[in-house]
Amino acid sequence: MKSDIEDRELSRLGDIDPQVFRTFGYRIIDWVADYLEHPEKYPVLANVVPGEIRSQLPAVPPEQPEPMSTIVDDVERIIVPGLTHWNHPAFMAYFGTSGSVPGILGELLCSAFNVNAMLWKTSPAATELEEVALDWLRQMIGLPAGFSGIIYDTASVSTLHAVAAAREAVPGLNSRELGLSGRSDAPRLRLYASEQAHSSVEKAAITLGIGQAGFRKIPVDSEFRMVPEALQQAVEDDRKVGWTPFCAVATVGTTSTTSVDPVPAIADICRKHSIWLHVDAAYGGAAATIPEMRWIMEGCDRADSLVVNPHKWIFTPMDLSAFYTQRMNVLKQAFSLVPEYLKTGQDASVRNMMDYGVQLGRRFRALKLWMIIRTYGRSGIEARIREHMRLARMFASWVEEDPAFELLAPVPFSTICFRALPTGNSDDGDRLNDALLSAVNATGEVFLSHTRLHNKFTIRMAIGNIRTDEKVVRRAWELLKANLDRLRGENSR
Ligand SMILES: *Cc1c(COP(=O)(O)O)cnc(C)c1O
């Protein structure tokens, strides 16, 4: 017989009482609803100095249990002031993203179910929903049916897998078995992308034994698009001196200016030289959902693989990157390694997602994407992306019409690169724009970021949060103009 004391001890094990979950679950949902309703309560950019948050937190873990109410209070008191609010409608730095309502609910369910989608058997619905949701998205962006998809965490990791598959496809290389180091018989592999390509391409080269020396950057034209003739020349020159060109990455919507590489011409070159073509459409791919932007996918039907990030501009909370390939078998060849204890009776008839990448355990990310697509419908997603592009064109027209400002790149999507014009020869445009950016960000009302184009400090505004509307964009413009006037006034004094 157990004593009462033993009973009490036992009752302290296991998870906390579901009643506590219910109480604080409601409280947190209420808090989140208020947060989404009144983002203007918070400065977009965290107004803290390095170490400020850490100094408020104990350096050692609590020995005794703490009540949930204290923990939740500390989130509001300590953590929230240290957040940069990516979910704020005036977050227009980098690329705006969204924790949309169906996305947040999907994440909640994802952790509640806590399934691991490594094998079909370890959660059949997770694997099958991933196949379905990715096939919906494939149709939405106009990729042919020959592409099938898998979800990774980020575009960087998607591109890593693309380059790994490309390496696997090099005839006779057999890097899977023999590796690349210390082999006198291994060719020097060459990977190509434009000067404007995302750093994740070079990181893939670093990770996969290609090395930075094996990564060749191709020049861009005056509108930041890869020059295909330069790629062609580079491939031919490389071949002559013993390199093995094996992979090229074209970008549809580069990170800095959102330029679109000429994919059809790049695809021709890749086809001719048996080079794996990967398309990085992490941001831009979202725009292919709207018919008038379908042109950006031209040539992508001939790509071996493509990545698009729903966690960028398809209103999906971090993280969810959609990777598509017409050559799933090569990806499987590169990564499948099945220990005895993971063998199942269905292996011949199902897709076990662990066979297609580095990671074994996988979150049930498909759930939120499926909920998002259903909640807004294709038409709702299209309408929101179209509106973001309208707002960007509107903002770009203000910049163009104002003699105090200039556009520094075309605006094919929802991102505007611009700067304030320096007055007179003595004026330092870089310093002026750096100061202007800091000034508008210091208001806490908006958050913009920067890049460098034509060797000029460039202010960059990217519209992509689901709650960004015309009012927000108008306010950003007002702040820019008012702060520019103020800075100019101070300079002339
Ligand atoms: C943002 C971006 C990436 C990186 O995306 P992650 O999901 O953060 O890894 C890659 N390529 C392009 C073109 C991007 O804009």
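Let's start with the shell around the ligand: its residues divide into 3 nonpolar, 9 polar and 2 charged. One caution before we go on. This is a predicted model.

How many residues surround the ligand? The count is 14. The closest are Ala155, Ser156, Asp280, Asn309 and Lys312. Keep two of those names in mind, Ser156 and Asn309.

Now the polar contacts. Take serine 156. One of its polar side-chain atoms lies 2.5 Å from an oxygen atom of the ligand. Next, asparagine 309. Here a polar side-chain atom is 2.9 Å from a ligand oxygen atom. Then histidine 311. An N or O atom in its side chain is 3.1 Å from an oxygen atom of the ligand.

How much of the ligand does the protein bury? Taken alone, the ligand exposes 390 Å². The protein buries 88% of that.

Where does the ligand sit? It occupies the second largest pocket. Two elements give two or more residues to the shell around it: α6, residues 155–168, and α11, residues 310–313.

So much for the ligand. On to the largest pocket. Its volume is about 1,200 Å³. There are 37 residues lining it. Which of them are closest to its centre? Those are Ile28, Trp31, Val32, Tyr35 and Ile104.

Look at the helices next. Three elements give two or more residues to this lining: α2 (18–37), α3 (68–79) and α4 (101–113). Which gives the largest share? That is α2, with 13 residues.

What about the make-up of this lining? The residues divide into 22 nonpolar, 11 polar and 4 charged. Recall the ligand shell, with its 3 nonpolar, 9 polar and 2 charged residues.

Last topic: the backbone. Some background first. Most residues other than glycine have a negative phi, and most peptide bonds are trans. With that in mind, two spots deserve a look.

The first spot is asparagine 114. It is not a glycine, yet it has a positive phi of about 50°. Find asparagine 114 in the loop between α4 and α5, where α5 covers 124–140. You met α4 a moment ago, among the elements lining the largest pocket.

The second spot is a peptide bond. Methionine 318 and aspartate 319 are joined by a cis peptide bond, with omega about 0°. Where is aspartate 319? Its place is in the loop between α11 and β7, the latter being 321–325. And α11 is one of the elements contributing to the ligand shell.

That's my tour. Thank you.

Key: Residues are numbered from 1 along each chain as its sequence is written. This is a predicted model: local features need pLDDT of at least 70, side-chain atom pairs count only at pLDDT 80 or more; totals for chains, interfaces and linings use all residues. Side-chain values use heavy atoms; hydrogens and water are left out. A residue is near a molecule or strand if one of its heavy atoms lies within 4 Å of it. A polar contact is a pair of N or O atoms within 3.5 Å; within protein, one must be able to donate a hydrogen and the other to accept it, and residues adjacent in sequence count only if both atoms are side-chain atoms. Accessible areas come from the Shrake-Rupley method with a 1.4 Å probe; for residues, only the protein chains shown count as cover. On a 1 Å grid over the protein atoms alone, a cavity is a set of points where a 1.4 Å probe fits but cannot get out, and a pocket is an open set with protein on both sides within 12 Å along at least five of seven lines; lining residues have an atom within 4 Å of a point. A molecule sits in a cavity or pocket if more than half of its atoms lie within 2 Å of its grid points. Helices (H or I, at least four residues) and strands (E, at least two) are DSSP runs, numbered from the N terminus. Ala, Val, Leu, Ile, Met, Phe, Trp, Tyr, Cys and Pro count as nonpolar, Asp, Glu, Lys and Arg as charged, and the others, Gly among them, as polar. Grid points are joined across faces, edges and corners, and a volume is the space filled by probe spheres set on the points.
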